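User: Let's go through the charged pairs and the nonpolar core of this protein. Keep it short.

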Amino acid sequence: FNTLNYLHYQIGSEQTKPAINQTNKISSFFRQALKNANKTEISLENEIQFLNTYVKLEAGRFDFDIEFEVVNVNEIDFSDVYIPTFSLHPILETILNFSFTENDSDINVTLDIYDENDDYITIKYFYNGLSIEEIYNQPDHRLRKGIELLEHVLQQKNQQENVISFGVTQSNINYVAINIYL
């Protein structure tokens with residue numbers, strides 16, 4: 001909805017070319033979302049493509065850059081790994097919508113994806129903004145709902161309780177880690 005509000009602003013202020021570009025990005029995002037909506041699982045490759053489309057869409061709203069990188073630590077074949085649909089998006093959305101302020105000069109989000117064994121993969125979101133753990137601990141926060149739903153889906157799939165964790169690296173970079181059992 002934030003993107004639609006921004007598109008409305010662009011149209012109202014006669015920023016035609018940026019509004020057309022943003023409309024194309026919204027169209028691509030919704031096309032991918034609808035394509036995946038009826039699936040319970042999709043390939044990690046498709047989920048990452050969806051995240052890249054989402055980041056491009058969100059980047060159109062900000063006056064600073066969003067640097068988004070996916071690091072395939074173990075050279076996993078992302079097309080062979082299937083995960084619950086939309087399982088990576090809620091955390092990225094929460095990071096982008098809560099963790100950064102208008103005063104920030106740039107946003108850096110890196111996803112490290114690795115498998116420690118054949119049972120599960122770990123996905124760590126490293127980001128240079130405020131910790132989103134605060135949202136996770138506020139039961140009434142609007143962005144918590146996405147993380148709660150993700151947690152529920154992963155607990156059902158994994159048959160495990162602790163599927164999401166939060167932390168800070170030694171160099172003061174926040175991270176969120178999720179484990180997805182295969």
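Analyst: The model is predicted, and the turns below cover its salt bridges and its core.

User: How many salt bridges does a search of the whole structure find?
Analyst: Arg 144, Lys 145 and Glu 148 are linked in a network of salt bridges. Glu 41 also forms a salt bridge with Lys 157. The total for the whole structure is three.

User: Which parts of the chain does the pair Glu 41 and Lys 157 link?
Analyst: The closest N and O atoms of this pair are 3.1 Å apart. The two residues are 116 residues apart in the chain. Glu 41 lies in strand E1 (residues 41-43), and Lys 157 lies in helix H6 (residues 144-158).

User: Is Arg 144 buried or exposed?
Analyst: Arg 144 pairs with Glu 148, with the closest N and O atoms 2.7 Å apart. Both lie in helix H6, four residues apart. Glu 148 is partly exposed at 28%. Arg 144 has 15% relative accessibility, and the cut-off is under 20%, so Arg 144 is buried.

User: What is the distance between the closest N and O atoms of Glu 148 and Lys 145?
Analyst: Both residues lie in helix H6. They sit three residues apart, about one turn of the helix. Their closest N and O atoms are separated by 3.9 Å.

User: Which helix gives the most to the largest nonpolar core?
Analyst: This core has 46 residues, and Leu 44, Leu 88, Ile 123 and Tyr 125 touch the most other members. Leu 88 has contacts including Leu 44, Leu 51 and Ile 123. With seven residues, the top contributor is helix H3 (residues 44-59).

Technical notes:
Residues are numbered from 1 along each chain as its sequence is written. This is a predicted model: local features need pLDDT of at least 70, side-chain atom pairs count only at pLDDT 80 or more; totals for chains, interfaces and linings use all residues. Side-chain values use heavy atoms; hydrogens and water are left out. A nonpolar core is a set of buried Ala, Val, Leu, Ile, Met, Phe, Trp, Tyr and Cys residues joined through side-chain atoms within 4.5 Å. Buried means under 20% relative accessible area, exposed over 50%, partly exposed in between (1.4 Å probe, protein chains only). Contact means heavy atoms within 4.5 Å. A salt bridge is a side-chain nitrogen of Lys or Arg within 4 Å of a carboxyl oxygen of Asp or Glu. Lists of a residue's contacts leave out its neighbours within four places in sequence.
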